[in-house]
Amino acid sequence: MSVGSVATASDGTPPRTTHGPCQYAQTPDEPPARPVPLPPDPRRTPSRGTVAMAVPTSQGPLPLHLDRAKAPCTVQSFLHLARHGFYDRTVCHRLTAYPTLKVLQCGDPTGTGEGGPGYKYKDELPVDLPPAPTDPTGTRRLYGRGLLAMANAGPHTNGSQFFVVYGDSALRPNYTVFGTVDADGLTTLDKVAAGGIEPTTENPTPVDGAPALRTELLRARPSHRP
């Protein structure tokens, strides 16, 4: 679920950070893949209710429901990026088909898995996920079909990349869950998953890589006022 490393400015200047509870921090050595300011960070970050998002893709609709109670700072950032058109015409760059990891990863305008918004922010990790039945050690949790979560490159490195779960997956609870995909979106995910992963010369039958069915987010906008 990597989105690349995060560093401080080469001249030693500390990155600018917002002063609210979310503390969105610029990543000077990793500039934004598209121009976007830091998100608003009000002292009273909205932490109740849900926001419906209309996300049409080249393979069908991917409606999302963002949950402010689970991850208020994450939802605030996602809405900010969506309103600035950050996700418009971006390609979902990664599909996985492991027995215990079935996700589609999106949110990088560069399509490489290395791009982000030029800032990072804290984790809002889930505390209510059940143990993954496939993990006898009990360390992994069940990220169930239909969950929406943030990708990251380690603790507190959330940016713009996210993943949607099309099949029950077992992961350490290190990825912020901030919403769900509705039934129409699952139909679209099933279509993309059924198309498989683009083969390469080195690996003709990959289980991790670019979707064979090119999946482009056409835009992402709230479908009603949050």
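Here's a short back-and-forth on a predicted model of one protein chain.

Student: How many helices and how many strands are in the protein chain?
Tutor: Strands and helices are both there, so let's just take the tally from the DSSP runs. The protein chain comes out with 17 strands and, on the helix side, two helices.

Student: What radius of gyration does the protein chain have, and what would a compact globule have?
Tutor: The rule of thumb goes by chain length, and here we've got 226 residues. A compact globule with that many would sit near 17 Å, and the protein chain agrees, because its own value is 17 Å. If you'd like box dimensions too, the C-alpha trace spans about 45 × 40 × 40 Å along its principal axes.

Student: What share of the contacts with a separation of 6 or more is between residues 24 or more positions apart?
Tutor: Count a contact when heavy atoms come within 4.5 Å. For one pair that's far apart in sequence, try Phe163 and Cys106: they're 57 residues apart along the chain, yet their C-alpha atoms are 6.1 Å apart in space. Over the protein chain, the share for residues 24 or more positions apart is 69%.

Student: Is Phe163 buried or exposed?
Tutor: First, place it: Phe163 lies in strand β12, residues 162-167. The cut-off for buried is under 20% relative accessible area. Phe163 has 0%, so Phe163 is buried.

Student: How many of the twelve residues of α1 are buried?
Tutor: Helix α1 covers residues 72-83 and reaches 17 Å from first C-alpha to last, close to the 16 Å expected. Its buried residues include Pro72, Phe78, Leu81 and Ala82. The helix is largely enclosed by the rest of the structure, because the buried count is eleven of the twelve.

Student: Which residue just after α1 takes a positive phi?
Tutor: Look just past the end of the helix, where phi is about 70°. The residue there is a glycine, Gly85.

Student: Arg89 also has a positive phi; is Arg89 buried or exposed?
Tutor: Arg89 sits in the loop between α1 and β6, with phi near 55° even though it's not a glycine. Exposed means over 50% relative accessible area. Arg89 is at 55%, so it counts as exposed.

Student: Where does Gln23 lie?
Tutor: Gln23 is another non-glycine with a positive phi, about 50°. As for its place, Gln23 is in the segment before β1.

Student: How far apart are the mean positions of the positive and negative charges?
Tutor: The protein chain carries 22 positive and 20 negative charges. Take the mean position of each set, and the two are separated by 8 Å.

Key. Residues are numbered from 1 along each chain as its sequence is written. This is a predicted model: local features need pLDDT of at least 70, side-chain atom pairs count only at pLDDT 80 or more; totals for chains, interfaces and linings use all residues. Side-chain values use heavy atoms; hydrogens and water are left out. Helices (H or I, at least four residues) and strands (E, at least two) are DSSP runs, numbered from the N terminus. The radius of gyration is taken over C-alpha atoms; the globule rule is 2.2 Å times the number of residues to the power 0.38. Lys and Arg count as positive and Asp and Glu as negative; His and the chain ends are not counted. The place of a charge is taken as NZ of Lys, CZ of Arg, CG of Asp or CD of Glu. The expected span of a helix is 1.5 Å times one less than its number of residues. Buried means under 20% relative accessible area, exposed over 50%, partly exposed in between (1.4 Å probe, protein chains only).
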